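Work through the exercises below with the sequence and the 3D structure at hand. Try each task before reading its solution.

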Amino acid sequence: MLASRAGRIAQSPTMKVTAEALKLKAAGVDVVDFGAGEPDFPTPAHVNAAAHAAIDANFTKYTTNSGTEELKKAIAARYTADYGVDYPTSDIIVTAGGKQALYNAALVLFGEGDEVITHSPGWPTLVEQIKLADATPVLVQTHADEGFTLRAAPIVAAITPRTRGVIVNSPGNPTGALMTEGEMEILATECATRDIWILLDLCYEKLIYDKTPHNLPGVLARIHPTRSVICGSASKAYAMTGWRCGWAIGPTKVIAACNALQSHATSNVCSITQKAVTAALNGPQDCVTVMLDEYRHRRDQLSTWLAKEPRIRFVKPAGAFYLFIDVSEFLSPDGIRTSAQLAQSLLDDVRVAVTPGEAFDSPGFIRLSYATSLHELERGTAKILDYLHAAEARTKAVAR
C-alpha cells in the first residue's frame, strides 16, 4: 500500500520516548523525564522581546525562501566571531531546525549507489536521512574505553570507491564526544584527495564544557571548503527548540539546490522566529554561558550520584547534555533482557523516561538527559537505582 521508501525508514526513537512521556504527563501522571533532548531553560528574554516586536510590527508574511538577509548576515557574523571564518549570505540557507538543514543536504548530495559514513553510537536521524536519500549508511563504531572520541582513522578505513560523504556530529548525541581539530584535519585532508563530502552537524556547538579547541569550521574552510556543509541550530544554544530554526552553510551551488528543494517542501522558516533568532545571534551571549555552567554542574552531580553504583559505567561527556550509561551488568536472560525492555519498564513501573541504547545502535546502554532540574535529577536517579536493585533481587529469588 505504501511506497517502498516508507518501508526503509523508522519513526524517530528519541521522539517516541518524548511522546510517551508527554502523553503520561497530560494525563496527570508524575513522570521524571530524562528523555527530553531539549533545554529546560526558558528562551532568553531579549529573544522573546524581538518576537513580540515582530508581531507588533506585523512582520507575519512570507519571507525569502532561504531566509531574511538580516538573519543570514547574523549567522555569518556569528561564525566570523566564533571561528574566524567568512561566508557570503549566498552560501547560507535558513531551515526549520538543524534537522531540515541536514535533510536538505543529504537529499541534494547523496543518491542511489552511494555510501555515506557516520559514527555510532550516534543520532538515529542521520542514518534515516541517508536512507531517505536512497544511499547506504556505513556505521563506524566509537568506543566507551576511548571516551567515544571521534577519530579519523576508522572513518578513513571505511572509505570505499562508493563513498560519497561523511557525516560528523560534534559534540555528539548521545555520547557528548568531540572530534578534535587535529582529527578533523586528517579527515578533511583524506576526503579532499577523494572528492568526498563532509557534513558537519554542529547543533551542540555552544555546549562544550572545557576550553577545548573545536574550530572545526575553520579546519574545513582551510582544507576542504568546496565539499563541506556545516549545519547549525538555535535550538540547543538559545533554548529555542520549539521555534524551529537552523541553517546550512556550504558551497553556493549546494545551498541553491537546498533552496530549490525547500521551496517545494516547507518554504521559509516562520517570519517571527527569524526575527527572534536574529536577536539571539546578534545579542548578548552571556545567557548561553549561564546555561552551559548549569549543565556542567548537573553533569557533575549526576555523575556523582550514579558513581555510587560501580556496576553502572559511563564516560563523563565533553559536550551536549546527555549521560550515556552502560547498564549491561543489570541485564540477564532470566530478568531484564535488554536495555529497551529496561527503558520501557522504568517508564511503566516507576515513571522515569529514558532513551534506550537501541535507539543509537548501542544495546546495553541508556541515555539520560540532564536538561532538567537538580531536584528531578536526584529523584530520578534514586528511582533508577532502586529499580535496578529490586529487579536484580527478584531475578536472584527466582533463580533460587
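The exercises treat two sheets, two helix pairs, one helix and some backbone angles.

The model is predicted: local features need pLDDT of at least 70, side-chain atom pairs count only at pLDDT 80 or more, and totals for chains, interfaces and linings use all residues. Residues are numbered from 1 along each chain as its sequence is written, and side-chain values use heavy atoms, with hydrogens and water left out.

**Exercise 1.** Find the order of the open sheet of seven strands and the strands at its edges.

Step 1. Helices (H or I, at least four residues) and strands (E, at least two) are DSSP runs, numbered from the N terminus. Two strands pair if DSSP finds at least two bridges between them.

Step 2. The order is 2-8-7-6-5-3-4, and the pairing is mixed.

Step 3. Strand 2 (92-95) and strand 4 (136-141) are at the edges with a single partner strand each, so one side of each has no neighbour in the sheet.

Step 4. From one strand to the next the twist averages 20°.

Step 5. Inside the sheet, strand 6 (residues 197-201) and strand 7 (residues 228-233) run parallel and are joined by four bridges. Leu-200 has Ile-230 in strand 7 as its bridge partner.

**Exercise 2.** Describe the open sheet of four strands and the helices that lie on it.

Step 1. Its order is 9-10-13-12, with antiparallel pairing. Strand 9 (313-314) and strand 12 (355-356) are the edge strands, each pairing on one side only.

Step 2. Two bridges link strand 9 to strand 10 (residues 322-326); Phe-314 has Ile-325 in strand 10 as its bridge partner.

Step 3. Helix 12 (residues 286-306) packs on the sheet and touches strand 9, strand 10 and strand 13 (365-369). Contact means heavy atoms within 4.5 Å. The direction of helix 12 makes about 20° with that of strand 10. Axes are lines fitted to C-alpha atoms, for helices over the stretch in contact, and angles run from 0 to 180 degrees between N-to-C directions.

Step 4. Helix 13 lies across strand 12 and strand 13, at about 40° to strand 13.

**Exercise 3.** Compare the expected span of helix 13 with the distance between its end C-alpha atoms, then list its buried residues.

Step 1. The expected span is 1.5 Å times one less than the number of residues. For the 12 residues of helix 13 (residues 339-350) this gives 16 Å, which agrees with end C-alpha atoms 16 Å apart.

Step 2. Buried means under 20% relative accessible area, exposed over 50%, and partly exposed in between (1.4 Å probe, protein chains only). Ser-339, Leu-342, Ala-343, Ser-345, Leu-346, Leu-347 and Val-350 of helix 13 are buried.

Step 3. Arg-351 follows helix 13 and has a positive phi, near 60°.

**Exercise 4.** At what angles do helix 5 and helix 6, and helix 3 and helix 11, cross?

Step 1. The axes of helix 5 (residues 97-109) and helix 6 (residues 124-132) come within 9 Å and cross at roughly 35°.

Step 2. For helix 3 (residues 45-56) and helix 11 (residues 271-282), the axes come within 8 Å and cross at roughly 145°.

**Exercise 5.** Locate two cis peptide bonds and two loop residues with positive phi.

Step 1. Most residues other than glycine have a negative phi, and most peptide bonds are trans.

Step 2. Ser-170 and Pro-171 are joined by a cis bond with omega about -10°; Asn-173 and Pro-174 are joined by another, with omega about 20°. Pro-171 lies in the loop between strand 5 (163-169) and helix 8 (181-194).

Step 3. Ala-320 has phi near 60° and is buried at 0% relative accessibility. Asp-361 has phi of about 65° and is partly exposed, at 40%.
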